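Visitor: I am new to reading protein models and would love a close look at one part of this one. Could you take me through its nonpolar core and then the parts around it?

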Amino acid sequence: EGGSIPDGAEPEIISTIKKTFNFGQSEAIHLFQTLLECMKKRELITVFHIGSDEHQDIDVAILTALLKGTNASAFDQLILTLAWDRVDIAKTHVFVYGQQWLVGSLEQAMLDALVMDRVAFVKLLIENGVSMHKFLTIPRLEELYNTKQGPTNPALFHLVRDVKQGNLPPGYKLTLIDVGLVVEYLMGGTYRCTYTRKRFRVIYNSLSGSNRRSGRNASGSTPQLRKSHEPFGNRVDKKEKMRHNHFIKTAQPYKPKADTATDEGKKKKTKDDIVDIDDPETRRFPYPLNELLLWAVLMKRQKMALFFWQHGEESMAKALVACKLYRSMAYESKQNDLVDDTSE
């Protein structure tokens with residue numbers, strides 16, 4: 001109790017340490033003193049019984065001891081279980097009632113789970129309140145396409161090189177516009193990807209800083225009123241002429257106005273095409289799971305692609321698109337003598 005041991009047990013324990021670890025007298029005494037310090041906080045000690053009926057894996061015992069023995073934040077504990085790929089421990093020890101989370105910490109964990117290809121953690125984070133609509137922004141999706149961790153698809157860079165018709169410089173980072181061109185190439189000429197549309201390009205360029213709006217007047221000057229120097233008689237004649245023209249115009253038979261529905265439709269369409277770059281919603285995707293399915297397919301992450309296909313909208317349409325992409329990638333890999341595991 002409190003790090004103390006029964007009388008007469010110290011020589012026996014030191015002797016056991018010397019035999020077990022093949023230590024000398026001084027090393028055994030040092031380890032014995034370290035054990036006494038550890039025993040002062042017995043609640044932080046996890047005992048692992050080899051061959052017990054609990055069938056607990058040794059990695060579970062080590063990870064549980066780390067979670068209990070360190071004063072880490074909830075986010076650090078989650079990242080630790082994510083690195084060990086133990087979603088069961090995350091459920092029982094991290095996502096507990098009353099746990100406090102920093103703003104944005106779960107979204108960062110979601111990004112790590114996607115990069116590390118942890119499907120179970122992606123599902124767990126969604127179940128615990130992560131909004132994929134708020135999470136998936138244009139910069140984050142582009143970061144996922146350029147990640148070097150987890151399964152990657154080297155053939156994707158070859159496809160980008162083919163559609164751009166030129167060699168890519170070392171360290172080239174894929175853009176979503178590049179991805180859109182690849183998707184259109186794989187799907188066929190009749191398919192139009194969202195990433196290549198004009199509206200998306202406007203938003204993308206604004207995020208890149210190449211398209212900045214300015215609310216200033218181009219001329220920068222205010223129109224000035226001009227004074228009339230015409231003679232008084234000429235001005236009277238003009239007024240009489242205007243009255244005469246107005247009488248002739250109003251005396252004409254009534255003619256119905258031309259149908260302005262087309263013009264109004266054009267005005268409405270133009271108004272709808274205006275992109276509010278300052279609105280955060282324009283930087284997000286209306287169907288984020290569809291975009292992540294496309295990413296998982298192009299990066300050859302089959303389990304992740306299956307998960308995103310099972311969730312979200314338009315399952316049949318997503319399945320058809322994914323099948324077409326897989327077939328086209330397999331064909332392109334065969335044509336370019338690349339290693340292809342798409343059929344697996």
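Guide: Happy to! Keep in mind that this is a predicted model. Let's start in the largest nonpolar core, which is made up of 59 residues. The residues with the most contacts inside this core are Leu 114, Leu 141, Tyr 145 and Trp 295. Helix α15, residues 288–298, supplies the largest share of the core, eight residues. Two domains give residues to this core: domain 2 (42–130) and domain 3 (142–209 + 278–342), so the core lies between them. As a general point, nonpolar side chains tend to be buried together in soluble globular proteins.

Now pick out Tyr 145 and look at its surroundings. Setting aside neighbours within four places in sequence, Tyr 145 is in contact with Leu 156, Leu 174, Leu 176 and Val 179, among others. Its contacts also include Glu 291, Leu 294, Trp 295, Leu 298 and Met 299. Notice that Trp 295 is on the list of residues with the most contacts inside the core, as is Tyr 145.

Next, turn to helix α7, which spans residues 119–127. Its buried residues are Phe 121, Val 122, Leu 124 and Leu 125. These residues cover an arc of only 165° around the axis, so they sit on the same side of α7. What do they pack against? The buried residues of α7 pack against α4 (74–84), α5 (87–94), α6 (105–115) and α16. After α7 comes Gly 129, with a positive phi near 105°.

Helix α16 covers residues 302–310, and Gln 302 is found in it. Gln 302 has a relative accessible area of 31%, so this residue is partly exposed. Try finding Asp 117 as well: Gln 302 and Asp 117 are 185 residues apart in sequence, yet their C-alpha atoms are 9.9 Å apart in space.

Let's move on to charged side chains. The count of salt bridges comes to six. One of them joins the side chains of Asp 85 and Arg 118, at 3.7 Å from N to O. Asp 85 is in the loop between α4 and α5, while Arg 118 is in the loop between α6 and α7, so this pair links distant parts of the chain, 33 residues apart. Asp 85 is partly exposed, with 42% relative accessible area, whereas Arg 118 is buried at 18%.

Right beside Asp 85 in the numbering, Arg 86 meets Asp 88 in a salt bridge of 2.8 Å, N to O. Here Arg 86 is buried, with a relative accessible area of 14%, and Asp 88 counts as partly exposed at 36%.

Another salt bridge is formed by Glu 107 and Arg 140, whose closest N and O atoms are 3.1 Å apart. Glu 107 belongs to helix α6 and Arg 140 to helix α9 (residues 138–145), so the pair ties together parts 33 residues apart in sequence. Glu 107 counts as partly exposed, at 24% relative accessibility.

Finally, look at Lys 318, in helix α17 (residues 315–335). Lys 318 is buried yet has no salt bridge. The nearest side chain of opposite charge belongs to Glu 313, 5.8 Å away; a salt bridge needs the nitrogen and oxygen to be within 4 Å, so this pair does not qualify. Beyond neighbours within four places in sequence, Lys 318 is in contact with residues including Asn 290, Leu 293, Phe 308 and Trp 309.

Methods
Residues are numbered from 1 along each chain as its sequence is written. This is a predicted model: local features need pLDDT of at least 70, side-chain atom pairs count only at pLDDT 80 or more; totals for chains, interfaces and linings use all residues. Side-chain values use heavy atoms; hydrogens and water are left out. Helices (H or I, at least four residues) and strands (E, at least two) are DSSP runs, numbered from the N terminus. Buried means under 20% relative accessible area, exposed over 50%, partly exposed in between (1.4 Å probe, protein chains only). Lys and Arg count as positive and Asp and Glu as negative; His and the chain ends are not counted. Contact means heavy atoms within 4.5 Å. A nonpolar core is a set of buried Ala, Val, Leu, Ile, Met, Phe, Trp, Tyr and Cys residues joined through side-chain atoms within 4.5 Å. Domain bounds come from an automatic or database domain assignment. The arc is that of the directions from the helix axis to the C-beta atoms.
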